[in-house]
Amino acid sequence: MAGESEERFDGVLLGMAQQHTGGITEILDTFFGFLRRKTDFFVGAEKGRAEKTVLQVVRKHEQLANKESSSKPPKKEGEEPKQKKPKPSPSSPSSSSAPLTSSATTADKQPEIFEITDEDEGGKENGGGSAMDTSDTKQQQQPKPKQEEKEEDDEVSKPDTDEEDEDAKGKLKPNMGNGADLPNYKWTQTLVEVDIRVPSGVSFPLKSRDVVVDMRNKHLKVGLKGHGPIIDGELYNKIRVDDCFWTLEDKKTINVHLEKRNQMEWWSRVVLTDPEINTKKVQPENSKLSDLDGETRGMVEKMMYDQRQKEMGLPTSEEQKKQDILKKFMEQHPEMDFSKAKIS
């Protein structure tokens, strides 16, 4: 791909990059994790083929970057490239609070991601920095010890700190399964179903007769006999009770599977007493769309497109349609003055 074709996914990739505060290593880990879980990239060919393919692509773009850099005129003396740095997130570690103490620490740093504007491209390609700039050590994030990463994985979902969206204030950021990690249980969802993992919290091995699960049209109760309920409240929306079930995993975790009655919406919480997640940050998996019929799939894809357009400040499909109709009408009636027209 080249030119505009190569840039067509920039909006999606930048949005993805802004959610990966761990730098390029975290982004690559997410991407290769997707290939491992959803494709046969690693096991579908002879041994070593996956690594060979990745190296070919890396070397190709390394050569292109070197070629583009050498073809640009030298940077004027004293000129500094300008960079658009992403807004710092309160949840991400502060670079100023972790001073560099040795050259070894600097070498292990994860590269930080910046968006480079067109006017800065000349400076960028002549040694001033790249989209993944490692020259400014003050802006780098130190790699977290494995123990610290493990402790963060065990934490509950954090509140969404998106300052540009008033509706998102106070809501949780969805976990990787488009649900939430709450103190007493974790849940994930697709458009069709909701899956809940409820740790029992007891030291003895459970049997099915020890578990209490009551699923009704719009109510859920989960707990253990002789103990207070872990979940007990009105559901976010109605479920298909006949298609719901629960299982006992490893004699200590209760798994509850709920089938949504309305399979065209994302739940912001399981029961109404729980904190809400920001459903605008939900990331649908394309592989799940194949499970839907043609009409439903079309509606879901349209909804996903409109959501991405809003995030990038672009018109939705309906707004674009109205603009096209207005443009066509204006072309057909050049004698009319639309300068003061207010189009809602």
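Colleague: Let's start with N217. In which loop is N217 found?
Modeller: Keep in mind that this is a predicted model. In it, N217 sits after one strand, β6 (211–216), and ahead of another, β7 (219–224). So its place is the loop between β6 and β7.

Colleague: Is N217 buried, exposed or partly exposed?
Modeller: Its relative accessible area is 34%. Buried would need under 20% and exposed over 50%, so N217 falls in between and counts as partly exposed.

Colleague: Which residues is N217 in contact with, leaving aside neighbours within four places in sequence?
Modeller: One of them is R261, which is 44 residues away in sequence, though the two C-alpha atoms are 9.3 Å apart in space. With the neighbours within four places left out, the contacts of N217 are L235, N237, K238, I239, V241 and R261.

Colleague: How many helices and strands are there in the protein?
Modeller: We've already met two of the strands, β6 and β7, on either side of the N217 loop. For the protein, the tally is 10 helices and 10 strands.

Colleague: And what share of the 344 residues counts as buried?
Modeller: Buried here takes a relative accessible area under 20%. N217, at 34%, is therefore not in that group. Of the 344 residues, the buried share is 25%.

Colleague: On to charges. How many salt bridges does the count come to?
Modeller: A pair needs a side-chain nitrogen of Lys or Arg within 4 Å of a carboxyl oxygen of Asp or Glu. K302 and E318 make the list, with their closest N and O atoms 3.9 Å apart. By this rule, the count of salt bridges is 4.

Colleague: Which helices does the pair K302 and E318 tie together?
Modeller: Both partners are partly exposed: K302 has 36% relative accessibility and E318 has 41%. The two residues are 16 apart in sequence, and each lies in its own helix, so the pair ties together α9 (residues 294–311) and α10 (residues 317–332).

Colleague: What does R197 form a salt bridge with?
Modeller: The closest N and O atoms of this pair are 2.7 Å apart. The bridge links distant parts of the chain, 52 residues apart, from strand β5 (residues 193–199) to strand β9 (residues 245–249). R197 is partly exposed at 40%, and so is its partner, at 26%. That partner is E249.

Colleague: In the salt bridge between R216 and D214, which residue is exposed and which is partly exposed?
Modeller: Their side chains meet at 3.1 Å, N to O. The relative accessible area is 52% for R216 and 25% for D214. Exposed takes over 50%, so the exposed one is R216 and the partly exposed one is D214.

Colleague: Which residues gather in the patch of negative charge on the surface?
Modeller: Take E6 as an example: this residue is in helix α1 (residues 4–7). Patch members need over 30% relative accessible area, and E6 has 35%. The patch gathers E6, E7, D10 and E68.

Colleague: And which residues make up the patch of positive charge?
Modeller: One of them, K251, has its place in the loop between β9 and β10 (253–259). K251 counts as exposed because its relative accessibility is 53%. The patch is made of K207, R209, K225 and K251.

Definitions and conventions:
Residues numbered from 1 in each chain as written. Predicted model: local features only at pLDDT ≥ 70, side-chain atom pairs only at ≥ 80, totals over all residues. Heavy atoms only, no water. Helix = DSSP H or I, 4+ residues; strand = E, 2+ residues; numbered from the N terminus. Buried < 20%, exposed > 50% of the residue type's maximum accessible area, 1.4 Å probe, protein only. Contact = heavy atoms within 4.5 Å. Patch = residues over 30% accessible without salt bridge, like charges linked within 9 Å, V, L, I, M, F, W, Y side chains within 5 Å. Areas by Shrake-Rupley, 256 points an atom, 1.4 Å probe, with all protein chains shown as cover. Lys, Arg positive; Asp, Glu negative; His and termini not counted. Charge placed at Lys NZ, Arg CZ, Asp CG, Glu CD.
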